[in-house]
Amino acid sequence: MGDRVHGWRKLAGVTWGSPKDPQFYGELDVDATELLAHVDRLRARSDTRVTITHLIGKAVAHGLREVPQFAVRLTGGHARPRTSLDIFFIIAAGAQAELNGVKVEHVDRKSTVDVAREVARRAEGIERGADTAFDRGKTLLAKLPRPVLRTALRGAAWLTSDLNLDLSRFGMPRQAFGSAMVTSVGMWGVARGFSPLASYYRVPLLVLVGAVTDRPVVRDGAVTVRPVLTLTATVDHRYADGSHAARLADAVRRYCADPAAFEPLENVTG
């Protein structure tokens with residue numbers, strides 16, 4: 001017979017049940033030199049406030065295209081390919097800086113300037129109360145008591161993601177959270193952070209963009225100071241495993257090394 005569990009382990013055992021969470025986590029440090037240079041070039045050419053976060057949204061979309069195991073939606077025990085690679089940018093909007101979000105469709109096909117302009121336009125609409133994509137749904141959900149809200153969220157996810165229905169007239173757009181989610185903690189000066197994936201998101205990963213900081217790195221056998229960006233990802237194991245995540249990280253790293261090479265030839269300068 002084994003030893004009886006005592007103390008904190010006993011408390012932990014009665015506090016939490018068996019693990020049911022499919023999430024795993026990873027982080028990636030990238031040299032941000034080319035990212036920063038590309039941001040400066042795009043801002044100068046287009047008079048648009050392009051940010052590192054917009055570039056990482058493009059990088060994630062590139063990764064999804066390179067690793068199609070991530071570019072799927074799960075329903076009925078099947079992995080069905082997505083018809084477009086859409087990125088959901090989590091933003092802080094409004095007087096209270098409340099977290100909200102903007103889904104940009106076909107990010108892999110658009111220039112970074114186009115992505116940045118769309119996010120900015122939609123964010124302004126949210127602040128004015130003119131962006132109705134989620135307003136109806138948020139108003140309805142805000143009125144529901146907590147037990148009912150939990151069921152409503154699951155039902156909405158099942159209808160709009162699993163069944164792929166477009167219920168926008170009820171404030172529940174199809175595939176509301178896109179193919180993946182991206183948000184920034186760097187805007188608050190945080191270099192590294194992690195975030196959970198809610199079950200109703202129905203996406204394979206959530207990427208957090210940290211602050212770029214100068215750090216010592218080794219180049220050609222010598223220590224030098226470079227601007228380094230840390231990306232962290234929360235991944236749903238039901239979509240892919242570690243080998244797929246490693247391939248996606250490699251695709252993101254290659255994008256970050258030369259982001260200009262991945263811009264569409266048209267509309268780069270806007």
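**Exercise 1. Find the residue in E3 that stands opposite Val72, and describe how the two strands are joined.**

*Solution.* Start at Val72: the residue facing it in E3 is Pro81. Next, look along both strands. E2 covers residues 72-75 and E3 covers residues 78-81; they run antiparallel and are joined by four bridges. That satisfies the rule for pairing, which asks for at least two DSSP bridges between two strands. The strand labels themselves follow DSSP runs numbered from the N terminus (E, at least two residues, for strands; H or I, at least four, for helices). Finally, inspect the turn: two residues separate E2 and E3 in this hairpin, and Gly76 in the turn has a positive phi of about 60°.

A word on the model before going on: it is predicted, so local features need pLDDT of at least 70 and side-chain atom pairs count only at pLDDT 80 or more, while totals for chains, interfaces and linings use all residues. Residues are numbered from 1 along each chain as its sequence is written, and side-chain values use heavy atoms, with hydrogens and water left out.

**Exercise 2. Take the salt bridges of strand E1 one at a time, and say which part of the chain each partner comes from.**

*Solution.* Keep the criterion at hand: a side-chain nitrogen of Lys or Arg within 4 Å of a carboxyl oxygen of Asp or Glu. The whole structure holds 10 such salt bridges.

- Step one: Glu27 and Arg192 meet through their side chains, at 3.2 Å from N to O. Glu27 sits in E1 (residues 23-31) and Arg192 in the loop between E6 and E7, 165 residues apart.
- Step two: Asp29 pairs with Arg215, with 3.6 Å between the closest N and O atoms. Arg215 belongs to strand E8 (residues 213-219), and 186 residues separate this pair.
- Step three: Asp31 bridges to Arg226, whose closest N and O atoms are 2.9 Å apart. Arg226 lies in strand E9 (residues 222-236) and Asp31 in E1, so this pair ties together parts 195 residues apart in sequence. Shared partners also join Asp31, Arg219 and Arg226 into one network.

**Exercise 3. Sort these partners: which are buried and which are partly exposed?**

*Solution.* Apply the cut-offs for relative accessible area: buried is under 20%, exposed is over 50%, and partly exposed is in between (1.4 Å probe, protein chains only). Glu27 has 44% and Arg192 has 38%, so both are partly exposed. Asp29, at 36%, is partly exposed, whereas its partner Arg215, at 18%, is buried. Asp31 comes to 22% and Arg226 to 29%; both are partly exposed.

**Exercise 4. Locate the nonpolar surface patch that includes Val190.**

*Solution.* Its members are Leu99, Met187, Trp188 and Val190, with about 440 Å² of accessible area together (Shrake-Rupley method, 1.4 Å probe). Now follow Val190: this residue lies in the loop between E6 (180-184) and E7 (205-209). Val190 has a relative accessible area of 34% and is partly exposed.

**Exercise 5. Summarise the protein: how many helices and strands are there, and what share of the residues is buried?**

*Solution.* Count first: there are seven helices and nine strands. Of the 270 residues, 44% are buried. The accessible surface comes to about 15000 Å², with 54% belonging to carbon and sulfur atoms. Last, consider contacts (heavy atoms within 4.5 Å): among those between residues at least 6 apart in sequence, 65% join residues at least 24 apart.

Key
Patch = residues over 30% accessible without salt bridge, like charges linked within 9 Å, V, L, I, M, F, W, Y side chains within 5 Å.
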